Amino acid sequence: MVVRLDMKSFYITTAIDYVNGSPHLGHAYEKVLTDVIARFRRQMGDQVHFLTGVDEHGQKVQASAKKRGLQPQQFCDEVSEEFRALLPKLNITNDDFIRTTEPRHKTVVQAVLQQLFDKGEIYKADYKGFYSTRQEQFLQEKDRLPDGTWPELFGEVTEIVESNYFFKLKQYQEWLVEFLTKNETWIFPAFRQKQVLEFLKEPLNDLCISRPRERLEWGITMPFDAGYVTYVWFDALLNYYSAVADKPGVWPATWHVIGKDILVPPHAVYWPIMLHAAGLPLPGGIVAHGWWMTRGKKMSKTPGAGEAINPLELVDEFGVDAFRYFLIREMNVGQDSDFTREQFLVRYNSELANNLGNLVNRTLNMTTRFAAGVVPAAEVGAGEAAGAGDLEKALQDLWAKTRDELVPLGEGFQFHTALERVMVFLTETNTYIEKRAPWKLGKSTEAKDGALLRTVLATIAESLRLSVAAVQHVMPATAEKINAVLGYTPGAVWRDELTWGGTLTGAKVAGALVLFPRPAPPEKVATPAPAKA
Ligand code: ME8
């Protein structure tokens, strides 16, 4: 890795997925969102390190392996491969993939535990209480429903009595409240930070961080007591640090991207306190995204929850970029979204096929037809007598406005809005084509019409090039394909790519490119209108 001194280091992570089932849309979304942020930061010139991986220990994994009649390690090897294989299919640019069964991880977890133990941050005590295997969590009386039962979320709850190791969480409560009060934007979106502070109004308990080996085999051995393994969250959270512990200058993470279900308490309470107690710097912040739901229920591997959508089926059917586009366009980071095939098809047809696909077709088709496939130069002032130039100016002004919004929107994780703005610009470009009707200009023999036609061709090619630059972190393969048919190789500095100019003048374009073919017919869906020109 070449590290330039003028580059800002940007370390971003996803949650690590439990390997007790196959990846679903929720997992795919988190990877795609993090990838979009990572690509955006690279475009902005940062030195990005992007980590993802799998969470392989714990009761759930042990149980799933047993069900399949496999040894836990064998089971993990198999399922982890499925999660790893998803990444190239989604065009994810992770730099590293961590498995919590790897020696590099175990060594760091044990070293941190030993350090905390030596500092007196960990003690042994008897514990009697209720335990949820599904959530791998001890419960408290306040977790019960008013009728005394446990919420469905916890699955089967059993009472246990045992001796365990505890981490002194409680003594850091005030420190954490102060930290979150001082660092108001530590959690995105902001309303989640308020929820954490609300949670912290109740007293914290010390955290039970061990499981007796006779109850749970499948975990990292406590370095100071071989009769115990490490609680799965204590093990899992440390992946963010263990993966880069040997890479100077990478820690702390800039952002951890996770789902809202694992914000409180693991990421917003345990994690900062663990780091603080261990004397390690805290990450820059946490992005807590919402859930993909099906018919109002969270999509998950758990029986009884919303039906899990297999992301690969959609990728196979519509292509990786249509999939990435939909996830990023549809979900406002932090909010929930319902996944429906109908909504997917609406966006696919109207925004990708009709809007972007149409502009690509028209640009290639008309440049080939009217300019022998070579993008002409815009002729400023062409046809001024007829008021020409105003439409081009309006489009350029709209672009300038769109461009100015792109960076702040990206920096604020508002990628859905950024895509919406680009779609508006594309729609306006297509409307501009309708208004200028180059197919009519092409039939005219008048010199001013010829000049205007060349201006139109130059204008739409430039509009297309700019739109592609604006969405390349969301649809990298599509951007590459369109640039290739435009005969264009983008420069190294992304921001410079966003300036309107005669960039493509003289470029030789290809004849055609099929980008978003119509899906197979059986569904009743809105079909795209045929492209004009
Ligand atoms: O929680 N929509 O693993 P996991 C959006 N191993 N995101 C979803 C989702 C949905 N329907 N379902 C799950 C774990 N996710 C732990 C994490 S990190 C140190 C340990 C997200 O496989 C979920 O919110 O249950 C989480 O961020 C990620 O997928 C992995 O979930």
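This is a short dialogue about a predicted model, its strand pairing, its cavities and its overall extent.

Visitor: What makes strand 4 and strand 6 a pair?

Guide: A pair needs at least two bridges found by DSSP. Eleven bridges join strand 4 (residues 122-132) to strand 6 (residues 157-167). Therefore they pair. The two strands run antiparallel. Phe 130 stands opposite Glu 159 in strand 6.

Visitor: Why do strand 6 and strand 8 count as paired?

Guide: The rule asks for at least two bridges. Two bridges join strand 6 to strand 8, so the rule is met. These strands also run antiparallel. Here Phe 167 stands opposite Leu 207.

Visitor: Why is residues 207-208 called a strand?

Guide: A strand is a DSSP run of E with at least two residues. Strand 8 covers residues 207-208, so it meets that minimum. The chain has 17 helices and 16 strands.

Visitor: What makes the space beside Phe 40 and Trp 494 a cavity?

Guide: In a cavity, a 1.4 Å probe fits but cannot get out. Phe 40 and Trp 494 are among the residues that line the largest cavity. About 80 Å³ of space lies in it. Helix 13 (390-411) and helix 14 (415-436) each give two or more residues to this lining. Helix 14 supplies the largest share, four residues.

Visitor: How do you know that Gly 410 and His 473 belong to the polar part of that lining?

Guide: Both line the largest cavity. Neither is on the nonpolar or the charged list, so both count as polar. The lining divides into nine nonpolar, two polar and no charged residues.

Visitor: Which residues line the second largest cavity?

Guide: Among them are Tyr 29, Leu 33, Met 331, Phe 413 and His 416. The volume is about 30 Å³. The lining holds eight nonpolar residues, one polar and no charged. His is on neither the nonpolar nor the charged list, so His 416 counts as polar. Phe 415 lines this cavity, and Phe 415 also lines the largest one.

Visitor: How many cavities reach 30 Å³ or more?

Guide: The count comes to two.

Visitor: What makes a residue of this chain buried?

Guide: Its relative accessible area is under 20%. Of the 533 residues, 55% count as buried. The chain exposes about 22,800 Å², and carbon and sulfur atoms supply 53% of that area.

Visitor: What share of the contacts joins residues at least 24 apart?

Guide: The share is 77%, among contacts between residues at least 6 apart in sequence. The C-alpha trace spans about 95 × 55 × 40 Å along its principal axes.

How values were computed. Residues numbered from 1 in each chain as written. Predicted model: local features only at pLDDT ≥ 70, side-chain atom pairs only at ≥ 80, totals over all residues. Heavy atoms only, no water. 1 Å grid on protein atoms, 1.4 Å probe; cavity = no way out; pocket = protein on both sides within 12 Å on 5 of 7 lines; lining within 4 Å. Points joined across faces, edges and corners; volume = space filled by probe spheres on them. Buried < 20%, exposed > 50% of the residue type's maximum accessible area, 1.4 Å probe, protein only. Contact = heavy atoms within 4.5 Å. Areas by Shrake-Rupley, 256 points an atom, 1.4 Å probe, with all protein chains shown as cover.
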